[in-house]
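Good morning, and thank you for coming. Please look at the sequence and the model on the screen while I go through the interior of this protein.

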Amino acid sequence: MTRVVFALMVVGLCTVVDAGQFNPVLSIGDNAPTWTDLPGTDGKKHSLADFNGKDVVVVAFTCNSCPYAVDYEDRLIALAKMYSGPPGKVAIVAINVNKVPEDSLEQMRKRAEDKGFTFPYLFDESQKIAKDFGATFTPEFFVLNRDRKIVYMGAMDDNTDVSKANTNYVAAAVDAALAGRKPATTETVAIGCMIRYEKSRRSR
């Protein structure tokens, strides 16, 4: 089964539950889930509250091991350069919850250093924050406004091939949130690798 076909199956399932159009847990306008003390590749621990001084927060669920996520790294770096930094009003936060060896915190540190990430790259061993966001794929993006409500969730742009991408949904949502407006597009289907959630064992 291809990832795209699976994504469409997820879309079909998500439309029958009381959540977003494509998200199994959250709807646009919901309060964003919070996290505390997640370790980052910078050796520090980070919480959502650390960004209280920012008007907009972009949360990107990503990883080292997914080729789609790797393909989007340069686009994520460009987004951070465009909006974030100490004087900016936007924070970019990347979170990895996969627990395979290539996605370990040690490997994340190497990746962040090699790519020159200027934004926090956090690891959640519990996988709870991704579940709370209803994240399914890497990469998958969520834009939070000043009130930390979800104003956009889904793909970064309209084509995984950067040469064919015409619309950056995340950037448009950030601009709208900064202006106090609702984005023209609030939800899209995220395309990528499935997040490797641990399967819970059935009790006998």
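The lining of the second largest cavity in this predicted model divides into eight nonpolar residues, one polar residue and one charged residue. The residues concerned are Thr62, Cys63, Ala69, Tyr72, Glu73, Leu76, Phe117, Tyr121, Pro139 and Phe141. The space in this cavity comes to about 70 Å³. In total, two cavities of 30 Å³ or more are counted. As a reminder of the principle, rolling a probe the size of a water molecule over the atoms shows where empty space is left.

Let me turn to the nonpolar cores. Which residues of the largest core touch the most other members? They are Val58, Leu76, Leu79, Val143 and Val170, in a core of 31 residues. Leu76 therefore deserves a second look on the screen, as a residue that belongs to this group and also lines the second largest cavity. Several elements build this core: strand E3 (56-61), helix H3 (73-83), strand E4, helix H4 (105-115), strand E5 (121-123), strand E7 (140-144), strand E8 (150-154) and helix H6 (169-178) each supply at least two residues. Helix H6 gives the largest share, six residues.

Val170 shows how such a member is surrounded. Apart from neighbours within four places in sequence, Val170 is in contact with Val58, Leu79, Phe141, Val143, Tyr152, Ala155 and Met156. A second core, separate from the largest one, holds 23 residues, including Phe51, Val59, Val93 and Leu122.

I now come to a polar residue, Asn96. Is Asn96 buried or exposed? Asn96 counts as buried because its relative accessibility is 0%, and the cut-off for buried is under 20%. Asn96 is found in strand E4, which covers residues 90-96. A polar atom of the Asn96 side chain lies 3.0 Å from the backbone nitrogen of Asn98. Beyond neighbours within four places in sequence, the contacts of Asn96 are Thr62, Cys63, Asp103, Met108, Tyr121, Leu122, Phe123 and Asp124. Among these partners, Leu122 is a member of the second core, while Thr62, Cys63 and Tyr121 belong to the lining of the second largest cavity.

Finally, the protein as a whole. Six helices and nine strands are assigned. Of the 204 residues, 50% are buried. Where contacts join residues at least 6 apart in sequence, 74% of them link residues at least 24 apart.

Terms used: Residues numbered from 1 in each chain as written. Predicted model: local features only at pLDDT ≥ 70, side-chain atom pairs only at ≥ 80, totals over all residues. Heavy atoms only, no water. Helix = DSSP H or I, 4+ residues; strand = E, 2+ residues; numbered from the N terminus. Buried < 20%, exposed > 50% of the residue type's maximum accessible area, 1.4 Å probe, protein only. Polar contact = N/O pair within 3.5 Å; in protein donor to acceptor, adjacent residues only side chain to side chain. Contact = heavy atoms within 4.5 Å. Core = buried A, V, L, I, M, F, W, Y, C linked by side-chain atoms within 4.5 Å. 1 Å grid on protein atoms, 1.4 Å probe; cavity = no way out; pocket = protein on both sides within 12 Å on 5 of 7 lines; lining within 4 Å. Points joined across faces, edges and corners; volume = space filled by probe spheres on them. Nonpolar A, V, L, I, M, F, W, Y, C, P; charged D, E, K, R; others polar.
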